[in-house]
Amino acid sequence: MSTDAIVILKADHKQMRILFRSFETAEDQAHATKEDLKTKIIEALTVHTYIENETMYPEVRRLLPDLEDDILESYEEHHVADVLVMELAGMPATHERFDAKMTVLMENVRHHMDEEEQDWFPKVRSGLGRNQLNELGSTMLEQKKTAPRSPLQPGALKKAIHAVTA
Ligand SMILES: [Fe+2]
Ligand SMILES: [Fe+2]
């Protein structure tokens, strides 16, 4: 498996896009299926957000100060997603606002992933060397093993909140 930071983050994005498609193609009344997909989406998002917040964003900010504005925008986009994820974590699929909230979450995350892939990752790749990207990727692969898997676990939102309010 590649240890390139951008390859790892893109693979996460791909996995989330597949889960989003599954949610969208689920039958309207398939509440158990939707509940299961919600759990998988929240887990994928929580782990991905954690490694970006712990490693990717602060390290890129340190190494490439010119990209600071992109990173600050990313923190805000993640913050919006965090709020929706927190609300969805405790919401049953039968709730009248469940589908709408999932739709808004997926729209927001897709927009954010598109921006990272089309705009931000290319800048990071041209700014950092292969070795630096492999170091960041190795760190994130390690962090994935112990990362929180739900927003209710300790540490899931700590860095994100700190990043926004510090
Ligand atoms: Fe992100
Ligand atoms: Fe990402």
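Which element gives the largest share of the lining of the largest cavity? Keep that in mind as you go through the views; the answer comes in the legend on the largest cavity. One thing to know up front: this is a predicted model.

**View 1. The whole protein is built from helices.** The secondary structure comes to six helices and zero strands, so if you walk along the elements from the N terminus you read α-α-α-α-α-α. Take a box along the principal axes, and the C-alpha atoms fill roughly 50 × 35 × 30 Å. The radius of gyration is 16 Å, which agrees with the value near 15 Å for a compact globule, because the protein has 166 residues. Of those 166 residues, 43% are buried.

**View 2. Here is the iron ion (ligand 1) with its protein donors.** Look for Glu52 (OE), Tyr57 (OH), His78 (NE2), His112 (NE2) and Glu116 (OE), which lie 2.0 to 2.3 Å from the iron ion (ligand 1). Read along the chain, these donors follow the spacing E-x4-Y-x20-H-x33-H-x3-E. Glu52 sits in helix H2 and His112 in helix H4, so this pair ties together parts that are 60 residues apart in sequence. Are these two residues buried or exposed? Glu52 counts as buried because its relative accessibility is 0%. His112 is buried too, with a relative accessible area of 7%.

**View 3. Now for the iron ion (ligand 2).** The iron ion (ligand 2) is held by His13 (NE2), His48 (NE2), Glu52 (OE) and Glu116 (OE), at 2.1 to 2.2 Å. The angles among the four donor atoms run from 83 to 174 degrees, and the site is irregular. Along the chain, the donors of the iron ion (ligand 2) are spaced H-x34-H-x3-E-x63-E. The pair of His13, in helix H1 (residues 5-25), and His48, in helix H2 (residues 31-63), links distant parts of the chain, 35 residues apart. Both of these histidines, His13 and His48, are buried.

**View 4. Zoom in on the two iron ions together.** How far apart are the iron ion (ligand 1) and the iron ion (ligand 2)? They lie 3.2 Å apart, and Glu52 bridges them. Glu116 turns up in both donor lists as well: its OE is a donor of the iron ion (ligand 1) and of the iron ion (ligand 2).

**View 5. This is the largest cavity.** The protein has two cavities of 30 Å³ or more, and the largest has a volume of about 100 Å³. There are 10 residues in its lining, with Leu45, Thr46, Thr49, Asp82 and Val85 lying nearest its centre. H2 and helix H3 (68-89) are the elements that give two or more residues to this lining. And here is the answer to the opening puzzle: H3 gives the largest share, four residues. By type, the lining of the largest cavity has six nonpolar residues, three polar and one charged.

**View 6. Last up is the second largest cavity.** Its volume is about 70 Å³. You may recognise some names in its lining, which includes His13, His48, His78, His112 and Glu116. Met16, Leu45, Glu77, Ala81, Val109 and Met113 line the second largest cavity as well. H1, H2, H3 and helix H4 (98-127) each supply at least two lining residues, and the largest share, four residues, comes from H4. This lining divides into five nonpolar, four polar and two charged residues.

Notes. Residues numbered from 1 in each chain as written. Chains lettered and ligands numbered in written order. Predicted model: local features only at pLDDT ≥ 70, side-chain atom pairs only at ≥ 80, totals over all residues. Heavy atoms only, no water. Donors = N, O, S within 2.8 Å, 3.2 Å for Na, K, Ca; no water. Tetrahedral: all angles 85-135°; square planar, octahedral: opposite > 155°, others 65-115°. Buried < 20%, exposed > 50% of the residue type's maximum accessible area, 1.4 Å probe, protein only. 1 Å grid on protein atoms, 1.4 Å probe; cavity = no way out; pocket = protein on both sides within 12 Å on 5 of 7 lines; lining within 4 Å. Points joined across faces, edges and corners; volume = space filled by probe spheres on them. Nonpolar A, V, L, I, M, F, W, Y, C, P; charged D, E, K, R; others polar. Rg over C-alpha atoms; globule rule 2.2 N^0.38 Å.
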